[in-house]
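Student: Please pick one part of this model and go through it closely. I would like to know which residues make the contacts there, with the cut-offs behind each term.

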Amino acid sequence: MRARREAQCYKPCMTQQPLDRARLAALTVVTMIAFAANSWLCRLALSRTSIDAATFTAVRLACGAIMLSLLASRDPTRAGKGGWWSAAALFGYAAAFSFAYRSLTAGTGALILFGAVQATMIAWDWAHGSGAPRLMQMAGVALALAGLVGLVLPGLTAPPLVGSLLMAASGIAWGAYSLRGRGPGDPVRVNAGNFARAALLALVLSAVTFSSAVFDTMGLVYALISGAITSGIGYAIWYAVLPSLRPASAATIQLSVPLIAAVGGLFLLGESLSLRLVLAGAAILGGIALVIRDKGRER
């Protein structure tokens, strides 16, 4: 039961006193905006500057590792160090995320990413102890799949297929990373170790693609902000929020990130919001929400 309960969390939960409602709501909103901002920053860097995707990934992961290490150093008594398998999943997420945003809009990318994350964790939950899905859960999956098919079907407003596949792979990798993070240890310290190891893997990627590397000043600034602030600090706040949220609520709240990313892309990046994206997004997020809510009631 504990494993299934933790599988709904975006990240490992820490034991602490629950937050009061006002602070909980404020921190949750800040965290969801931070997660959406990763899409804005990556899209800004790769569409408005000349930085390459491999360099953006390496700088983001390195800055995230530094920030998380600084946060973890405030309490050296906590245990946790991370591992290479988790780091490989984190690297896979970050690298595919960056290369996907060379062609996807912020809203489309975030929708595919979070849909893939939740699908991965729900599938794992079904395969490891929760039993066969109930009728409402099957209906939710069918609705989400219909929305995904409708989103990527060929047409004038369909997102690029390669970018969509890369972002789906990124979501699967992030889902795997979240599932691997259910073990013991302080989440901030564990993820600091994982980010440091993933940064080393990103440096290898940068070395392999060095001939096409471009070091753009603003692109580097966007990568630094994405790594240190919207990833490092954003995840640390999320760890503090999670113990005060029910698992189903935590999973459902995350579905707001694609909506925030789409609105931000519309107003901050000047991206268009197609009817296809709106309808597909409603189907995908609505279907996943049905599954999460029904699983919560089942437990």
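Tutor: What follows looks at α2 and its partners, after a short view of the whole chain, and ends with two places for comparison.

This is a predicted model, in which local features need pLDDT of at least 70 and side-chain atom pairs count only at pLDDT 80 or more, while totals for chains, interfaces and linings use all residues. Residues are numbered from 1 along each chain as its sequence is written, and side-chain values use heavy atoms, with hydrogens and water left out.

The protein chain has twelve helices and zero strands (DSSP runs, H or I of at least four residues for helices, E of at least two for strands, numbered from the N terminus). Of its 299 residues, 52% count as buried (under 20% relative accessible area with a 1.4 Å probe, protein chains only; exposed is over 50% and partly exposed lies in between). Among contacts (heavy atoms within 4.5 Å) between residues at least 6 apart in sequence, 92% join residues at least 24 apart.

Helix α2 covers residues 21-48 and packs against helix α3, residues 53-72, at an angle of about 140 degrees, with the axes 10 Å apart. Axes are lines fitted to C-alpha atoms over the stretch in contact, and angles run from 0 to 180 degrees between N-to-C directions. That angle makes α2 oblique to α3; under 35 degrees counts as roughly parallel, over 145 as roughly antiparallel, 65 to 115 as roughly perpendicular, and the rest as oblique. The crossing of the two is right-handed (the near helix is turned clockwise from the far one by less than a right angle; anticlockwise would be left-handed). From α2, the contact takes in Asn-38, Leu-41, Cys-42, Ala-45 and Leu-46, and from α3 it takes in Ala-53, Phe-56 and Arg-60. Sorted by class, these are six nonpolar, one polar and one charged residues (nonpolar: Ala, Val, Leu, Ile, Met, Phe, Trp, Tyr, Cys and Pro; charged: Asp, Glu, Lys and Arg; polar: the others, Gly among them).

Helix α3 also meets helix α4, residues 84-100, where the axes come within 9 Å and cross at roughly 135 degrees. These two helices are therefore oblique to each other, and their crossing is right-handed. On the α3 side, the contact includes Ala-53, Phe-56 and Arg-60, and on the α4 side Leu-90, Phe-91 and Tyr-93 are among the residues. This contact divides into eleven nonpolar, two polar and one charged residues.

Back in α2, Arg-43 forms a salt bridge with Glu-271, 3.5 Å from N to O (a side-chain nitrogen of Lys or Arg within 4 Å of a carboxyl oxygen of Asp or Glu). Glu-271 lies in the loop between α11 and α12, so the pair ties together parts 228 residues apart in sequence. Both Arg-43 and Glu-271 are buried. A search of the whole structure finds one salt bridge.

For comparison, helices α8 and α9 cross at roughly 150 degrees, their axes coming within 10 Å, which makes them roughly antiparallel. In α12 sits Val-291, buried with a relative accessible area of 1%. Its C-alpha is 5.4 Å from that of Gly-140, although the two are 151 residues apart in sequence.
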